[in-house]
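Ready for some practice at reading a protein model? Work through the exercises below with the structure open, and try each task before you read its solution.

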Amino acid sequence: MDHSTALTERFQTLFGERPEIVCFAPGRVNLIGEHTDYNGGHVFPCALSLGTWCAARRRAGDTVRFASRNIPRAGVTERPLGAPAEPGSRLWTRYPEGVIDAFLRDGQPLSGGLDLLYYGNIPSGSGLSSSASIEVVTGLALRELFGLDLTLPKLALLGQSAENVYVGVQCGIMDQFASAMGRRGSAIYLDTATLRYQYAPLRLRGYRLVVCNSKVKHSLASSEYNRRRQECEAALSELRRVRPELPSLGALSIEGFDALQDAIADPVCRKRAKHAVYENARTKQALDALRADRLDEFGRLMNESHMSLRDDYAVSCPELDLLTELAWSVDGVLGSRMTGGGFGGCTVSLLREEALPRFREVLREGYQKETGKTPDFYLARPGDGARVVHS
Ligand code: GLA
């Protein structure tokens, strides 16, 4: 039975009626362009085939009922539509509640009650955007149920707003955008300053993109994440004393940054800004390399990205460093780096197909030996973005 059918049956048992609609939104893996999205830079993610399904219907009254097949013991959570946020809530429902809140803050005419049942197959805390996929799938279900005139990029923005305002993580737009706008076989090259984007086909004949899960949950991530954002903002305001018109760190070239960097007094903030500028430049080079089928260069840029995230941005962790170093030691690996926010989660590697068995063996054995943990591997198959799967 596929996930959509299983979800429909469970919905009927739980809520006594069939859903009006079943929607799906994927997770994402970012190939390069990390911690650039809240700095007005470029990102280069692709959507995955893993993601979150949501079965939904409207109901009389103003109660919203939330349930998840992944956490059956949590049962059904009931909340009045638009009830004020519960500060500090750790419940999984803060993500869909946050989306309803974002729609209402945006003036979208939601009314009445709802039944919402979710199922997701992205390992939580793996840095593959399970939360963004919950936000985007909720937004899509609301759009369809209420017949709202909202584009997919707008749904991504509403998902980001839920995360920023309701969940309290000051994330950028990358994850929600990739989840909403993914395209099969392609990565999305997105300018986060303008939301202009282009699809770049991944012609990986003979090569594979492999995601490796360190199984370290990125729990520290939200507080450290917000701190990185503040450090970048502090650096930008110092740069603006000498370049008042500078819109963002993403607007600076490497040469421009090198000439100005002494204006940033604090060495930590200077390193953070350096990463944001250099990583943005690498992301642009990566697009050119991919378009010209120069995969060796793409891989080298991935490696440089990891080193910069480790040394200048300080968002890696020993386990992610170990996995990338093990990957770099395998013949046929073109590049490997941590992906996503950091402090745990996954690495992504680009390798020749025939190197895959050796790659798995070296990472599994080396990682087990050092950490006692067994990493998981997923072949990344770039998939389509959010969609209605059943109505
Ligand atoms: C998290 C955030 C994104 C982005 C990445 C780092 O995934 O949600 O907006 O900032 O970290 O690139």
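A polar contact is a pair of N or O atoms within 3.5 Å. Keep in mind that you are looking at a predicted model.

**Exercise 1. Find the polar contacts of the ligand**

Task: Which atoms of Asp175, His35 and Gly341 pair with oxygen atoms of the ligand, and at what distances?

Solution:
- Step 1. Begin with Asp175: an N or O atom in its side chain is 2.6 Å from a ligand oxygen. The cut-off is 3.5 Å, so this pair counts as a polar contact.
- Step 2. Turn to His35, where a backbone N or O atom lies 2.7 Å from an oxygen of the ligand.
- Step 3. Finish with Gly341: a polar backbone atom of this residue is 3.5 Å from a ligand oxygen.
- Step 4. Now look at how the ligand is covered: on its own it has 310 Å² of accessible area, and the protein covers 92% of that.

**Exercise 2. Sort the shell around the ligand**

Task: How do the residues of the shell around the ligand divide into nonpolar, polar and charged?

Solution:
- Step 1. Collect the residues around the ligand, among them Arg28, Glu34, Tyr38, Cys171, Met174 and Gly340.
- Step 2. Sort the whole shell by class, which gives four nonpolar, four polar and four charged residues.

**Exercise 3. Compare two phi angles**

Task: Is His35 buried or exposed, and where does Asp293 lie?

Solution:
- Step 1. Recall the background: most residues other than glycine have a negative phi.
- Step 2. Check His35, which has a positive phi of about 60° although it is not a glycine. His35 sits in the loop between strand E1 (21-30) and strand E2 (42-43).
- Step 3. The relative accessible area of His35 is 5%, so His35 is buried.
- Step 4. Check Asp293, whose phi is also positive, near 60°. Asp293 is found in the loop between helix H8 (267-291) and helix H9 (295-311).
- Step 5. With a relative accessible area of 44%, Asp293 is partly exposed.

**Exercise 4. Explore the largest cavity**

Task: Which element gives the largest share of the lining of the largest cavity?

Solution:
- Step 1. Start with the count: there are three cavities of 30 Å³ or more. The largest has a volume of about 70 Å³.
- Step 2. Look at its lining, which includes Val64, Phe66, Pro80, Ile100 and Tyr166.
- Step 3. Find the elements that give two or more residues to this lining: strand E4 (63-68), strand E5 (77-80) and helix H2 (94-105).
- Step 4. The largest share, three residues, comes from H2.
- Step 5. Sort the lining by class: seven residues are nonpolar, one is polar and three are charged.

Terms used
Residues numbered from 1 in each chain as written. Predicted model: local features only at pLDDT ≥ 70, side-chain atom pairs only at ≥ 80, totals over all residues. Heavy atoms only, no water. Near = heavy atom within 4 Å. Polar contact = N/O pair within 3.5 Å; in protein donor to acceptor, adjacent residues only side chain to side chain. Areas by Shrake-Rupley, 256 points an atom, 1.4 Å probe, with all protein chains shown as cover. Nonpolar A, V, L, I, M, F, W, Y, C, P; charged D, E, K, R; others polar. 1 Å grid on protein atoms, 1.4 Å probe; cavity = no way out; pocket = protein on both sides within 12 Å on 5 of 7 lines; lining within 4 Å. Points joined across faces, edges and corners; volume = space filled by probe spheres on them. Helix = DSSP H or I, 4+ residues; strand = E, 2+ residues; numbered from the N terminus. Buried < 20%, exposed > 50% of the residue type's maximum accessible area, 1.4 Å probe, protein only.
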